[in-house]
Every structure is written in C-alpha cells, then in structure tokens.
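Q: Got a minute to go through this one with me? I'd like to talk about how its pieces pack.

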Amino acid sequence: MLKIDRFYDARRELRKVLRHTPLIPAPLFSTDAEVYIKPENLQITGSFKVRGAYYKISTLSDAEKSRGVIACSAGNHAQGVALGSKVNGIPAKIFVPSTAPISKVEATKRYGAEVMLIDGIYDDAYAAACAEVERTQAVFVHPFNDDDVIAGQGTIGLEILEEMSSVEAVVVPVGGGGLASGIAIAIKTLNPNCKVYGVQAAGAPSMATSYHAGLITASSSVKTFADGIAVKKPGELTYDYCSKYLDDIVTVSDDEIATAIVMLMEGQKLIAEGAGATALAAIHFKKIPAIKGKKVVALLSGGNIDVTILSRVIHRGLVTSGRSSELNIELLDRPGELTRVSSIISGLGANVVSVNHTRGNAHNDINACFLRIAMETRDFAHLEEIRSAMQKAGYTVND
C-alpha cells in the first residue's frame, strides 16, 4: 500500500513543473453546501494528469530512460507523459484512441512525442501500447494503475488540505481511478473524517459498478462525450484503493455534465471538458445527499475540450437546464395570430430565436396551422409559465 511519504516526495519533484491551482468559491452549484472548485484545468497541460505522468518519469533510472517511454491515453495523460519526457530528454511514443479530441492529439505532438492513433477507445489503445512495450522493452507509463502515478495525482489531496484544513468532503471524477485513489489516500491518511466521493459518467460506469458489486467488473461498451473517463475496466490497484478509501461512487448523465460545463463557463469563467465537470454535475444535481450542509471541494480535473463539440455541449446544457426551450402551438392561420403569440412570449420575458410554420393535417381544421417556436428562457418554471399563458389565451399547446 502507498505511504504518505511518497506523496510528499512527488510534491517536491512536481514543483519544477506545476502551476498552483487555488480553491475557488462556487456558490452557484449548490444552495445546500459550501462548494469550492480545485481548477486543475488551469494546470500547465490543461489537466491534472501531468502530476502522475511527470512524477513517474522522474523516478526512472538512467537505464530505463535510455529505453524511452510508452503510454496510452485519451489525451490528457498523453500530454503529461509528453511534457515529462521532453523535460527529461527521453523519447516518448503515445498510443491514442481515434476518438480522442484533435486538440489533445495536436497538443501532445507539440510536446515532441510520437503519436500513434488507434481505432476504438482507451482500452484498444492500451492493448496496442502493451504490444509495443513487449516488442521494444520501453518503459510503460500507465495512466492510472501505477503507484507512482497515483502518488503524483494524490498531491492534489495534500494541496486541498493545506489550503482548507476544515474541508468536510471532496468530490472527484473517476475513470480508471488513479486520481480518485491518490486523492482519497492522501485525504484519508491526513484527515480520516473527511469524506471522498467519486463520480463517473453514466455511459462509462465501470468503477461505480465494480465498487458496488464488490469485484472488478468490465463494461461491455462505453458511451459518453466525457472521453477522459471513458474506461471499460478499472485497474486492479485502483479498484483496491477506491474500494478501501472512497465513501461512495455515483454517476451523472451526459446532459447533467453538459449543464455543469455551461454553468462553469457562465458563472465561474472556467472551461471544462466532459470528464472535468462530472464532480460539479454530481453536486448540482444532488447525487450526493450526504454533502448537505458541508464544506465541499469539487475537482475540476481538466479543460481540454475540443472546440468542435463545444457548441453542441453548450446547446445540450441549455436544453437540460430549461434555458433553451420549444413550444408547439396549434392555432388558426389568420392575420395577427403570430403577433399575439409573440406578444405573450415577450411579455413574459422570453426571447424568440426561431419560428417554424406548417399547415394543419387531415385531422385538423382546414384553416389550422402549427407553430414551432424556439425560445431562450430562464428555466423550466419560466417555460411552464409561458405554456400556461398560451393555454389561457385559447391556444392548444402540444408536447
């Protein structure tokens, strides 16, 4: 089992490359708890992953460094390994799933690593990396199932406790479990009374399933835009650590993650990738009732989201929170009706962004028509207020 001394050793080594990421108040995410964010999206590579990767590489002997390193990653670990290899002057070959965001792939190349794109997801890249290690005898830098990597990630736990010794709960994203393992070991060793909760995407719940089943369980497939935590099977080390040190693991949907990303952008002026926003999504959607009334730190683990999907994520988040809404209204096709409908909507403070007009069908009156109106609204209660006003005005509103 990992000892706390290794975490402090990792912290000393990481001072060469780390940025300090201070705790930031985030009252927008909960009225029931005092929430703070640990913004690792501001880290040098845009993610916490540089901690574990760099520390692992720093522990290698000269003979090991001469053979070079190999890693597999959806993108963030790849950048950490690439940076660590560049600083230490050793070659790195990174196996990356073809589903990884282009921005992460290009960033890895800029650090000087050789990138091998592999069809599939993380697990497919892992298999290819293992085969290359067997062929070349290079050192494999595992993204989570390695004690040195876990110790590097766990330095976050040390920083949280040093900045806020009174913290009562820490909420952490979970993929393979290296981050959650490191933080939980550090926190529980130094402050056993502090709770540590893990959060996974509902479309990639392998650690949550394993944690609650009491044995390692692989998911047959993963489906989430949170590519950084899209892992089919947890590691043996990380499963053992998470089982021992985490107080619970919960899941959040992609819609809930998207909502958290929008809230971070608007309320905190922070950009998060899907994996990075899971902890805050769990807090906002009350997936962890035990944190009510507590002082809570949520880890924003990374901000390397591909800009090509950001607009879709924002739209999904607006829909999920009731900020982007639609009404389907049946009415008579006669002059003045559209003006009347628009007046009701504007009078209640909503903004019409598009209108689609279609004629009625064989089951409606001959002079009937349908309006599909897209609006910007405050929330679902606002939408319901508009719906009720339409019905009181004599219009039929179809769901």
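**Helices on the sheet**

Q: Which strands does helix 7 lie across?
A: Keep in mind that this is a predicted model. Helix 7 (residues 147-163) lies across strand 2 (34-39), strand 7 and strand 10 (295-300), and runs at about 135° to strand 2.

Q: And what does helix 11 touch?
A: Helix 11 (residues 254-268) packs on the sheet, where it touches strand 1, strand 2, strand 8, strand 9 and strand 10. Its direction makes about 85° with that of strand 9.

Q: What's the strand order in the open sheet of six strands?
A: The order is 1-2-10-7-8-9, and the pairing is mixed.

Q: Which strands stand at the edges?
A: Strand 1 (24-25) and strand 9 (248-252). Each has a single partner strand, so one side of each has no neighbour in the sheet.

Q: How many bridges join strand 7 to strand 8?
A: Five, and the two run parallel: strand 7 is residues 169-173 and strand 8 is residues 195-201. As a register marker, Pro173 has Val199 in strand 8 as its bridge partner.

Q: Switching to strand 4: is it mostly covered or open?
A: Mostly covered: six of the six residues in strand 4 (residues 92-97) are buried. On one side you have Ala92, Ile94 and Val96, on the other Lys93, Phe95 and Pro97, and all of these are buried.

Q: Why do they split into two sets like that?
A: Side chains in a regular strand alternate between the two faces of the sheet.

Q: OK, what does strand 4 pair with, strand-wise?
A: Strand 3 (residues 69-72) is joined to strand 4 by four bridges, running parallel. Strand 4 also pairs with strand 5 (residues 114-118) in the parallel sense, over five bridges. For registers, Ala71 has Ile94 in strand 4 as its bridge partner, while Phe95 has Met116 in strand 5.

Q: Which helices connect those, and what's the handedness?
A: Strand 3, helix 4 (residues 76-88) and strand 4 form a right-handed β-α-β unit. From strand 4 the chain goes through helix 5 (residues 102-110) to strand 5, and that β-α-β crossover is right-handed.

Q: Last topic: at what angle do helix 1 and helix 2 pack?
A: About 95°, with the axes of helix 1 (residues 4-14) and helix 2 (residues 49-58) 10 Å apart. The two helices are therefore roughly perpendicular to each other.

Q: Which residues meet there?
A: From helix 1, Arg6, Asp9, Ala10, Glu13 and Leu14; from helix 2, Val50, Arg51, Tyr54, Tyr55 and Ser58. By class, that contact has five nonpolar, one polar and four charged residues.

Terms used. Residues numbered from 1 in each chain as written. Predicted model: local features only at pLDDT ≥ 70, side-chain atom pairs only at ≥ 80, totals over all residues. Heavy atoms only, no water. Buried < 20%, exposed > 50% of the residue type's maximum accessible area, 1.4 Å probe, protein only. Pairing = 2+ DSSP bridges. Right-handed = clockwise from strand over helix to strand, strands pointing away. Contact = heavy atoms within 4.5 Å. Axes fitted to C-alpha atoms, helices over the stretch in contact; angles between N-to-C directions. Parallel < 35°, antiparallel > 145°, perpendicular 65-115°, else oblique. Nonpolar A, V, L, I, M, F, W, Y, C, P; charged D, E, K, R; others polar.
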